[in-house]
Each structure stands twice: as C-alpha cells, then as structure tokens.
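User: I am new to this structure. Please take a close look at one loop and its surroundings, and then go through other parts of the chain in the same way.

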Amino acid sequence: MQAVFAKLLYEMEKGHDTVLVTVTRASGSTPRGAGAMMLVGPGGREVGTIGGGGVEMRAEEQALRLLSRKASAEQAFQLHEGGAEDTGMRCGGEITVLFSFVSAQDAQWHAVAAGAMRCFEAGSTAWVVQRAGGGASLLGPQGVLLAGAPCPDAEALSQGGGGRIGGFFSLRLAVGERAVIFGAGHIAQALVPLLRSVGFRPVVFDDRPALAVPERFAAAEKVVLGDYGRIADALPLTEEDYIVVMTNAHTHDLQVEQQVLRERRRYVGVIGSRKKTAAVNARLREMGVSEERIASVHTPVGVAIRAVTPAEIAVSIAAEMILERALSREGETGAGSVAQ
C-alpha cells in the first residue's frame, strides 16, 4: 500500500494523471480481499495488484478507458464462468472495484497522498476515504480530518480496518504492526529483517549493552536497552503490539510475560519447551495472571515446521505472526485480509 501512495504522489508531482484501482467488496473465493490496490497510468499498471490474471487485466483496461475520459466509476467482476463480467477466472467469487480518477492538479488528492506518506513514515494510524464519484479524505482516529474534504460518518469510517458506508469506502493505512522482540540473540537477528520484509515494524529489547545496539539490527525500527523487570520505563507497550519473548533466561521470560499479560495484546509468542512453559505458567498463575491471558500465549512459538537453526526458527515465528495478523484483519473488515 505504501508503494501505491508513494507512486501516486510521484506521478502527481510529475504532472501525470492516474487511476487508483481499489477492491471495495469481495465475496466467495477471490485472489485478494477488500483493500487490494493498484495504480494505473497512461502506460498501464504502475504498481500494486488486485490479484493478477483476467480480473486484473480487465480492471486495467477499464482504468485506461476512464483515464482517457478523466472519470471515476465502480464495477463488479465475476470470478466464475458465465455472465457479462466473466473474467475467465474460476475462483468462484466476485469483487467490486472502485476506479478513482486522480488528476495531477487535484489539490485534495495531493494533500491526501502526501498526508498518507507522512503517516507511513511516522507509523501513525489513519484511514483513506474514497468517494464513489471521485475525491478523497484522510482521517485520523475518531474521524479527525487530516487532509482532503470533510465527509459524513467520519467517525464510523475511521474504525477497524475500514469499510463501506453509502458511497464512501475507507481503508486503514497498512503502516505496519509493531513487533516487540524481547531478547537480542541469534534468532532475533534472523527474525528482524524477515519481519520487516513482510510489513512489521520490529523493535528489539534487551538488558545486555553488548547486544542491544542498533548496528546489530539494521532493519529494526528501534533497539532498546532496558530492564526486563521495568519494561514500561524504557518502552511503553500497547494493545496493538505483536510480542515475541525469547530472552536468555527463564527468569527474564517470566518477568516479561508477567508485565505483557497484564493487558490484551494482538499476539504474544514465547519460545521454549513444553516443560519450561508449564513451569512458567504455574508461576504466572501464582502472580494472579488469568487463565484467559495465559491461554492466549503462543508457546512453543511458531509454526511446527521442525525448525532447528535460528533462521528456520525465525521463519516459523514469522509465519505464525503473518497468520495471526491476517486473522485479526479479517475480524476487523469482515471480508478478507486487507492488502498491503
């Protein structure tokens, strides 16, 4: 998604008109869900995808027609055999696509695209709202207008992953979920660049000065040297965080879990054997941590792929986090994961 808005802003500043193509509804089996985007210029698709194959080809052709007419439109495409909008694909579903014509001289769209890029850079939560007839807005939490034109139902449009209200479609910017990794060992070194490559914003926390240094984690958003017993002093946590616990000692793992599980988190994964997990869980119960919170922890962390090396373990952890993120996004949108 960031690449789409970066390209949109670049083309506008070069004086080139474009069409932003966005999937607003998806039902049945489809290659991409609501929120998938691509940008089409005079030469065809510039960046992004709505699923490839026949549906993308048909959408690109429609975008080029609208670009020549300087018009916006909305259209449904069938991904099954038969019907006027048959794309030749046999997934069995149907998607609705919004085609937003963006003039290079449109100050409203320029402000929205520039504002979106600032949000990506800062990791700030925001929603882009497109109108079926053209135009856009950028909303912050509680519907605060950040750029573009005011829109009705702004507060409702700026919730969860976004959604459709009347002729308005909102989509939360995929600024990247923060992944806090406790423990700066070999697995963390393999995991950080992997998580960054799939859209997470990795933060590494450790109490060892020799390991908690930015030079060892070039892909990390931040490297924090702190006390495992007083995490909030160095790094306040949020309910939106994805957390991986793999310190160099069971006592440190227990310290971290006891603090992390005070509140709900998007994801908590803890490395370790089942024997170690049982012992830590018993201590957590003694500390007053609820069974619900204990049961929410993914431990042993990662997908069971018989991983052995740090790189393999990192792959298994990243895979589990990708799955949990997708499930979370589906819960927010109610219709498939939102594409990045």
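Analyst: R306 lies in the loop between α9 and α10. The model is predicted, and its backbone gives R306 a positive phi of about 60°, although this residue is not a glycine. Most residues other than glycine have a negative phi, and most peptide bonds are trans. R306 counts as exposed because its relative accessible area is 81%.

The loop between α9 (291-295) and α10 also holds P300. The peptide bond that leads from T299 to P300 is cis, with omega near -5°.

On the surface, V303, I305 and V315 make a nonpolar patch of about 220 Å². V315 belongs to helix α10, which covers residues 310-333. With a relative accessibility of 42%, V315 is classed as partly exposed.

Helix α9 has a charged contact. E292 forms a salt bridge with R264, and their closest N and O atoms are 3.0 Å apart. E292 sits in helix α9 and R264 in the loop between α7 (250-260) and β15 (267-270), so this pair ties together parts that are 28 residues apart in sequence. Both ends are partly exposed: E292 has a relative accessibility of 49%, and R264 has 47%.

The salt bridges in the structure number 16. Side chains of opposite charge can pair when their charged atoms come close. One of these bridges joins E74 to R164, with 2.6 Å between the closest N and O atoms. This pair links distant parts of the chain, with E74 in strand β4 (residues 73-78) and R164 in strand β9 (residues 162-165), 90 residues apart. E74, at 32% relative accessibility, is partly exposed, and R164, at 26%, is also partly exposed.

R201 and E221 meet through their side chains in another salt bridge, at 2.7 Å from N to O. R201 is in strand β12 and E221 is in the loop between β12 and β13 (222-225), and the two are 20 residues apart. Here the ends fall into separate classes: R201 is buried, with a relative accessible area of 15%, whereas E221 is partly exposed at 38%.

Just before β12 (201-206) in the chain comes F200, in the loop between α5 and β12. What is the geometry of the rings of F200 and Y242? Their centres are 5.3 Å apart and their planes stand at 70°, so the pair is edge-to-face. Y242 lies in strand β14 (residues 242-245), so the pair ties together parts that are 42 residues apart in sequence. F200 is buried, with a relative accessible area of 1%, and Y242 is buried at 2% relative accessibility.

The count of aromatic pairs comes to 6. In one of them, the ring centres of F5 and F120 are 6.4 Å apart and the planes are at 45°, so the pair is tilted. F5 is in helix α1 (residues 2-13) and F120 in helix α3 (residues 107-122), 115 residues apart. F5 has a relative accessible area of 1% and is buried; F120 is buried too, at 7%. Ring pairs also link F182, F205 and Y228 into a cluster.

Helix α5 comes next. In this helix (residues 186-197), the residues I187, A188, L191, V192 and L195 are buried. They lie on the same side of α5, because they cover an arc of only 130° around its axis. On the face turned away from that buried side, α5 carries the exposed residues H186 and S197. After α5 comes G199, which has a positive phi near 95°.

Two strand pairs complete the account. Strand β7 (residues 136-139) and β8 run antiparallel and are joined by 3 bridges; within this pairing, L138 has A147 in β8 as its bridge partner. The hairpin of β7 and β8 has 5 residues between the strands, and in it Q142 takes a positive phi near 60°. Past β8 (145-148), the loop that leads to α4 (154-157) contains D153. D153 has a positive phi of about 55° although it is not a glycine, and at 46% relative accessibility it is partly exposed.

Strands β2 (residues 37-41) and β3 (residues 44-48) also run antiparallel, joined by 4 bridges. They form a hairpin with 2 residues between them, and M38 has G48 in β3 as its bridge partner.

Methods
Residues are numbered from 1 along each chain as its sequence is written. This is a predicted model: local features need pLDDT of at least 70, side-chain atom pairs count only at pLDDT 80 or more; totals for chains, interfaces and linings use all residues. Side-chain values use heavy atoms; hydrogens and water are left out. Patches are made of residues with over 30% relative accessible area and no salt bridge: like charges are joined within 9 Å, nonpolar side chains (Val, Leu, Ile, Met, Phe, Trp, Tyr) within 5 Å. Accessible areas come from the Shrake-Rupley method with a 1.4 Å probe; for residues, only the protein chains shown count as cover. A salt bridge is a side-chain nitrogen of Lys or Arg within 4 Å of a carboxyl oxygen of Asp or Glu. Buried means under 20% relative accessible area, exposed over 50%, partly exposed in between (1.4 Å probe, protein chains only). Two strands pair if DSSP finds at least two bridges between them. The arc is that of the directions from the helix axis to the C-beta atoms. Rings of Phe, Tyr and Trp (its six-membered ring) pair if their centres lie within 6.5 Å; planes under 30 degrees apart count as stacked, over 60 as edge-to-face and the rest as tilted.
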